[in-house]
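Colleague: Could you walk me through how the helices pack in this one? I'm new to this, so keep it simple.

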Amino acid sequence: METKDAVLALAALAQASRLAVFRVLVQAGPGGLPAGKISELTAIPPSSLSFHLKELSHAGLAASRQDGRFVIYTAQFEAMNALVAYLTENCCGGNPCTPVHSPVCSPVCSTEKEPS
């Protein structure tokens with residue numbers, strides 16, 4: 001991921017409503033959700049929701065597809081994973097690290113450097 005793309009994605013997520021929408025889309029998984037359901041789950045009015053979905057789409061974090069008379073929105077998991085990878089690229093001084101699902105959610109770092 002390029003720095004400019006990371007900045008665009010982080011800027012899109014740096015707003016409470018968009019972050020809530022993105023989290024709902026991530027929870028929904030690859031099947032996505034129709035806009036009405038997103039509005040219901042986030043308590044964001046449809047007129048505001050469309051603006052937030054547009055911003056997430058512009059940042060590459062969400063996509064839409066037509067399904068009959070509904071528009072289904074999905075999180076772009078590749079973009080999300082690329083952003084996380086970009087943010088953790090130099091984690092632990094270059095040692096490999098893996099996230100741990102703990103209350104603090106801190107990375108576990110290997111003490112050995114990977115071969116170059």
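Colleague: How are H3 and H4 oriented to each other?

Modeller: This is a predicted model, where local features need pLDDT of at least 70, side-chain atom pairs count only at pLDDT 80 or more, and totals for chains, interfaces and linings use all residues. Residues are numbered from 1 along each chain as its sequence is written, and side-chain values use heavy atoms, leaving out hydrogens and water. Helices are DSSP runs of H or I with at least four residues, strands E runs with at least two, numbered from the N terminus. H3 (residues 35–42) and H4 (residues 46–58) pack at about 105°, with angles taken from 0 to 180 degrees between N-to-C directions of axes fitted to C-alpha atoms over the stretch in contact. Since 65 to 115 degrees counts that way, H3 and H4 are therefore roughly perpendicular.Colleague: Which residues of H4 does H3 meet?

Modeller: Contact means heavy atoms within 4.5 Å. On the H3 side, Ala-35, Ile-38 and Ser-39 take part. Their partners in H4 are Pro-46, Leu-49 and Leu-53.

Colleague: What angle do H1 and H5 make?

Modeller: H1 and H5 are roughly perpendicular to each other. Their axes are 10 Å apart, and the angle is about 110°.

Colleague: Which residues of H5 make that contact with H1?

Modeller: From H1 come Thr-3, Ala-6, Ala-9, Leu-10 and Leu-13. H5 brings Leu-83, Tyr-86 and Leu-87.

Key
Angles under 35 degrees count as roughly parallel, over 145 as roughly antiparallel, 65 to 115 as roughly perpendicular and the rest as oblique.
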